[in-house]
Structures are given as C-alpha cells and as structure tokens.
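User: I would like a close look at one part of this model, with its surroundings described carefully enough that I can follow them on screen.

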Amino acid sequence: MAVSSFSCPRVFSGSSSSHSSSFECRSDPDFSGSARLETPKISARAVVMVSFSGVSSMIFRFPPNFVRQLSTKARRNCSNIGVAQIVAASWSNNAASGSSTSAAAASGSAAASAVPAPAAPVEMTTGDEMAVVDGLNNVQMKALADLKKEASFLSSDGSLTIHAGERLGRGIVTDAITTPVVNTSAYFFKKTAELIDFKEKRHASFEYGRYGNPTTVVAEEKISALEGAESTVIMASGMCASVVMLMALVPEGGHIITTTDCYRKTRIFIETVLPKMGIKATVIDPADMAGLESALNNNDVTLFFTESPTNPFLRCVDIKLVTELCHRKGAIVCIDGTFATPLNQKALSLGADLVLHSATKYIGGHNDVLAGCISGSEKLVTQIRNLHHVFGGALNPNAAYLIIRGMKTLHLRVQQQNSTAMRMAEILEAHPKVKHVYYPGLTSHPEHHIAKKQMTGFGGVVSFEVDGDLMTTSKFIDSLKIPYIAPSFGGCESIVDQPAIMSYWDLSQPERLKYGIADNLVRFSFGVEDFEDLKADILQALGTI
C-alpha cells in the first residue's frame with residue numbers, strides 16, 4: 001500500500017471506541033531520538049501497521065465492520081487457509097524490541113529514499129494463536145505450540161464435543177465460530193532456509209496434504225479430548241484405520257488375538273491378508289478368558305484386537321481384565337469402540353492402549369461422511385501415523401469439517417439413541433413374534449454384568465431374531481416405513497438390515513451359520529426420530545408376519 005501524500009491526525013471524526021463505526025490514525029512513536037524506546041500497548045482487536053511513501057509508518061485502528069469488509073480482500077492474500085481475517089501488529093511490553101526497531105528502520109529507510117518499503121514482519125498474539133503480518137501483502141498463519149491446554153472449564157463430554165479443539169485455540173487464525181475448511185494439497189516454504197529448518201525440526205509445517213491439515217487436526221483434538229488420549233490420528237475410513245493399525249504394530253511373523261464376533265471385513269483381512277506376512281491369529285469367544293490366557297501363554301502375542309460391543313451380536317469383553325492379562329505378557333490392547341461411542345465407554349481409562357472408531361457411524365452421525373480414527377498414547381499413535389503417511393489414506397478436509405460439525409451434537413444424539421434402543425429392546429424381548437434380542441442393556445444379555453460396569457449407556461443398535469425364515473424376515477423389514485435398508489448405523493436416520501442378505505449373501509446358509517448369522521437375524525440402528533413413531537412402525541411391521 002503506497003500513498004503519495006498523507007497528513008491527517010484524524011481521518012474521520014468520532015470516537016475510536018469499539019462501539020463506534022469511526023477509525024483513528026496516528027503516527028507511530030518517534031524512534032529517531034536518543035530517549036529509551038517505550039513499546040506502546042495497542043489493542044490487538046483491529047490494528048494494522050502500514051508503511052507509506054515519504055512519511056513515517058502509521059498505525060490505524062479500524063472498527064470491527066471495517067475489518068470484516070477488508071477480510072474479503074484479505075482472503076486473496078492468505079496462503080494455506082480457507083477463511084481468514086486480516087490481523088495485524090500488536091506490540092506488548094514483553095515483545096522483542098527487534099520487531100519494533102525493524103519496523104522503524106524500514107520506515108526510516110522508506111522516508112529517506114522516498115521509495116516504499118514494507119514494514120518488517122511483526123507478530124501478534126490473539127488468544128491461543130499467532131499471526132505473522134508482512135505489510136499488507138501476506139498473512140502467514142501459525143498456531144502457538146500449546147493447543148492442548150487443560151479444559152478445566154469443560155466438565156462434561158457434552159461440552160467437549162462442542163468446544164474441544166476449537167474454543168481453546170486452533171491452528172487457523174480467524175474470529176469465525178466454526179472451524180474453516182483448509183483445502184490445500186501442499187504447504188509452501190518462503191525460502192530454502194525455512195525448508196532446511198523444517199527438515200531439521202526447527203520449523204513446523206505439514207509440508208504435504210497427506211501428512212496433515214489444520215481442519216483435520218481440529219477433529220483429531222476433539223476426539224482426543226473425548227477419549228482422554230494423548231494423540232489421535234484420523235483417516236479416510238474405519239477399515240483404513242484398522243488395517244494401518246495392524247500393519248504398523250504387528251511385525252512380520254507376529255501373532256494376534258481377536259474374537260469370533262466382529263465386523264466381517266476385519267475378519268477377512270485377518271484371515272486372508274495377514275497370513276501372507278506370516279502373521280497368525282488366535283480367535284476366541286469374547287467371554288473366554290481362559291482361552292485368552294492360554295493364547296498369551298503359548299504364543300508371542302503382539303496385539304489383542306476386538307470390538308466391544310461387537311458386530312452384530314453386541315458381545316462385550318471385560319476391557320479391564322483383558323488389559324491386565326495382556327499387559328502381563330507385553331501385548332498391546334486395541335478396542336474398537338464404534339458401537340459404544342466415546343460417550344458410553346472410555347476404553348483407555350479402562351486400561352486399553354488404543355481405541356479405534358469408525359467415525360462414519362456415531363461420531364459423524366449424519367450418514368454423510370466416511371472416516372476412521374485411532375486414539376491412544378503419543379508413542380503408539382505416532383507409529384501408526386507414520387505408516388498412515390506412507391499408505392496415504394488421508395481424510396479430505398471437507399470430510400473432517402463434517403466430522404467436527406457432527407460431533408457438536410454427538411451427546412444429544414447418543415442420549416436419544418441410548419434411550420430409544422433400551423426401551424425398544426425391552427418391548428421386542430416381550431413380543432411373541434421375536435425369538436431373541438441381543439442388547440447389552442438387557443439382563444438376558446450374556447455380558448450384561450460387564451456392560452453395566454464399563455458403559456454408561458448401551459448404544460443405539462439392537463439386534464434380534466424374528467419368529468420366521470429368510471422370507472418372513474424380509475417381509476418384516478420391507479413393511480417398515482421409517483428406517484432405511486442400508487449397511488451402516490449410528491446416524492440421525494434409523495437404518496435396518498438383514499445380515500444374512502446385507503453382509504453374508506455370498507455365503508451358503510451353513511457357512512453363514514458358522515458365524516452365527518441366522519436367516520431371521522435383524523440389526524436395527526435407531527436414529528433420533530421420535531420414540532413413539534419408531535415403536536408404532538416396528539409393531540405394525542411385526543403385525544404383518
């Protein structure tokens with residue numbers, strides 16, 4: 001910005017108060033004298049330092065509405081950010097005088113030569129973030145190092161789902177309430193020296209889109225806060241997270257333990273892909289602690305990996321006991337808590353080393369995004385993250401935004417889904433056309449005593465067997481009016497499926513029964529619709545068979 005002549009102790013009349021629409025300008029302090037430099041305190045609300053041609057630099061105090069108008073133009077000059085506000089210099093008593101001196105020197109040089117010279121970059125701290133302002137041509141954004149401050153004022157999971165990763169600071173400087181989407185495939189370095197600093201770990205950067213993104217980091221921080229984890233890595237899907245975790249932690253020729261009831265694609269990977277690397281698996285019943293001890297004693301086990309609750313029978317493992325047994329033998333414990341959610345179950349606090357989620361389900365919660373995440377210690381998550389950077393299953397930042405947005409209502413949705421599922425499980429268990437109900441909240445469930453001690457809610461999915469064959473069960477499902485027939489769960493919309501057809505249709509009936517999948521099995525994921533509407537719909541559908 002250059003002005004041929006400028007002389008105004010006051011551009012517009014009126015107060016410079018934040019309640020006024022006027023703005024002030026004044027000359028900066030006289031740095032030419034021999035008196036000791038006193039660094040003035042200036043509000044960081046809306047201040048810009050500008051170098052003018054032929055005059056000393058001026059400091060403008062802009063009203064909020066002016067800043068917002070200027071912000072539209074600023075977006076064109078901002079690198080690596082989706083949405084940004086113009087932010088500018090703030091001098092504080094503890095700021096290095098070098099910035100002020102450099103600015104003064106630049107200004108003095110400009111005045112002497114009558115050639116415009118930009119002010120040296122100066123830093124401004126705004127809450128938990130810092131912006132480096134380079135004249136009016138560039139705004140480089142960087143986060144302060146510590147974005148993991150103790151959220152002492154957030155006492156509940158409900159508050160954490162809304163504010164964690166955002167309210168205390170994020171790596172994007174903006175006064176927007178919502179986190180901006182940073183659509184970029186790479187991050188630039190101003191000079192080769194800065195690149196070398198990055199390579200030698202003196203400068204922070206994501207470098208490349210596959211290695212990280214500011215929007216994605218907010219989602220990871222939010223999940224870490226909910227799980228009480230040191231670190232979280234988020235990926236393109238839950239299956240991607242499972243595969244990368246197994247590949248990163250289990251060595252060639254290693255041994256893992258898993259359970260009989262689990263997501264079919266996880267089983268396929270364990271049974272068909274891991275053996276190619278010499279990795280063996282022992283499969284036990286979720287309640288078979290004697291079998292677990294035997295497998296640990298007779299093999300060099302690296303990892304115990306299971307869901308809790310499991311899919312589709314909602315079996316529960318005693319996470320605390322399993323962890324104690326595994327840790328005695330040096331085995332890592334990873335719990336897939338997708339069916340539980342971070343609100344109903346805290347696997348890490350129960351002793352598990354890692355907790356995995358298909359964030360596609362409850363965490364995203366709107367049936368509109370695919371994602372997976374793994375949370376745990378910095379050491380283990382870093383191992384997984386490093387391989388993730390090689391495999392490249394990066395989450396798109398737009399998907400990360402949907403995860404962030406979805407999590408803000410997670411506690412409200414899960415409360416409703418817990419309540420609806422519990423009440424419907426009790427109704428279904430008493431219905432004459434239902435043979436059996438699988439739900440950990442029921443006293444009839446084989447691991448109810450375990451679920452009761454390690455879960456605060458039992459989730460929104462109920463599996464049950466109707467009194468009939470394959471076609472009778474299909475007729476019941478087709479008679480439902482509210483739920484969609486689809487393979488997912490955990491969203492706002494109710495979803496129903498018949499596993500024998502949806503997930504195991506490629507197997508014969510005897511092969512399906514080996515996994516406990518009967519033709520009359522139904523998996524019902526309750527959404528957030530009104531309980532009475534869902535109840536009436538299910539009862540009328542049962543009435544048709």
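Leaving aside its neighbours within four places in sequence, which residues is Tyr439 in contact with?

Analyst: The model is a predicted one, and what follows should be read with that in mind. Once the neighbours within four places in sequence are set aside, Tyr439 is in contact with Leu314, Asn418, Ala421, Met422, Ala425, His445, Phe458, Gly459, Val461 and Val462.

Tyr439 belongs to the largest nonpolar core, a set of 57 residues in which Tyr439, Phe464 and Phe476 are the residues with the most contacts inside the core. Helix α13, which spans residues 410–429, supplies the largest share of this core, with 7 residues. Apart from this core lies another one, of 25 residues, which includes Met235, Val243, Phe269 and Cys334.

One of the contacts of Tyr439, Leu314, deserves a closer look. Leu314 lies in the loop between β10 and α9, and it counts as buried because its relative accessibility is 2%, below the 20% limit for that class. Its phi is near 60°, a positive value in a residue other than glycine. Most residues other than glycine have a negative phi, and most peptide bonds are trans. The loop between β10 (301–307) and α9 (319–328) also holds Pro309, and the peptide bond from Ser308 to Pro309 is cis, with omega near -5°. Pro312 is found in that loop as well, and a cis peptide bond with omega of about 5° joins Asn311 to Pro312. Elsewhere, Asn367 also has a positive phi, near 55°, and is placed in the loop between β12 (354–358) and β13 (372–376); with a relative accessible area of 34%, however, Asn367 is partly exposed.

Phe476, named above among the residues with the most contacts inside the core, leads to helix α15. The buried residues of this helix, which covers residues 470–479, are Leu470, Thr473, Ser474, Phe476, Ile477 and Ser479, and they pack against the strands β15 (461–466), β16 (484–485), β17 (495–497) and β18 (521–525) as well as the helices α16 (499–502) and α18 (531–542). At the N-terminal end of α15, Asp469 acts as a cap, with a side-chain oxygen 3.3 Å from the backbone nitrogen of Met471.

Two further places can be set beside this one. The axes of helix α5 (residues 214–227) and helix α12 (residues 397–407) come within 8 Å and cross at roughly 35°, in a left-handed sense. Among the residues that make this contact are Val218, Ile223 and Leu226 of α5 and Tyr401, Ile403 and Met407 of α12; by class, the contact has 10 nonpolar, 2 polar and 1 charged residues. Ser231, in turn, is found in strand β7 (residues 231–235) and counts as buried at 5% relative accessibility. The side chains of Ser231 and Arg385 are joined by a polar contact of 3.1 Å, and beyond its neighbours within four places in sequence, Ser231 is in contact with residues including Ser224, Ile374, Glu378 and Val381.

As for the chain as a whole, it has 18 helices and 18 strands, and buried residues make up 52% of its 545 residues. Of the contacts in the chain with a separation of 6 or more, 70% are between residues 24 or more positions apart.

Conventions: Residues are numbered from 1 along each chain as its sequence is written. This is a predicted model: local features need pLDDT of at least 70, side-chain atom pairs count only at pLDDT 80 or more; totals for chains, interfaces and linings use all residues. Side-chain values use heavy atoms; hydrogens and water are left out. Axes are lines fitted to C-alpha atoms, for helices over the stretch in contact, and angles run from 0 to 180 degrees between N-to-C directions. Helices (H or I, at least four residues) and strands (E, at least two) are DSSP runs, numbered from the N terminus. A crossing is left-handed if the near helix is turned anticlockwise from the far one by less than a right angle, and right-handed if clockwise. Contact means heavy atoms within 4.5 Å. Ala, Val, Leu, Ile, Met, Phe, Trp, Tyr, Cys and Pro count as nonpolar, Asp, Glu, Lys and Arg as charged, and the others, Gly among them, as polar. Buried means under 20% relative accessible area, exposed over 50%, partly exposed in between (1.4 Å probe, protein chains only). A polar contact is a pair of N or O atoms within 3.5 Å; within protein, one must be able to donate a hydrogen and the other to accept it, and residues adjacent in sequence count only if both atoms are side-chain atoms. A nonpolar core is a set of buried Ala, Val, Leu, Ile, Met, Phe, Trp, Tyr and Cys residues joined through side-chain atoms within 4.5 Å.
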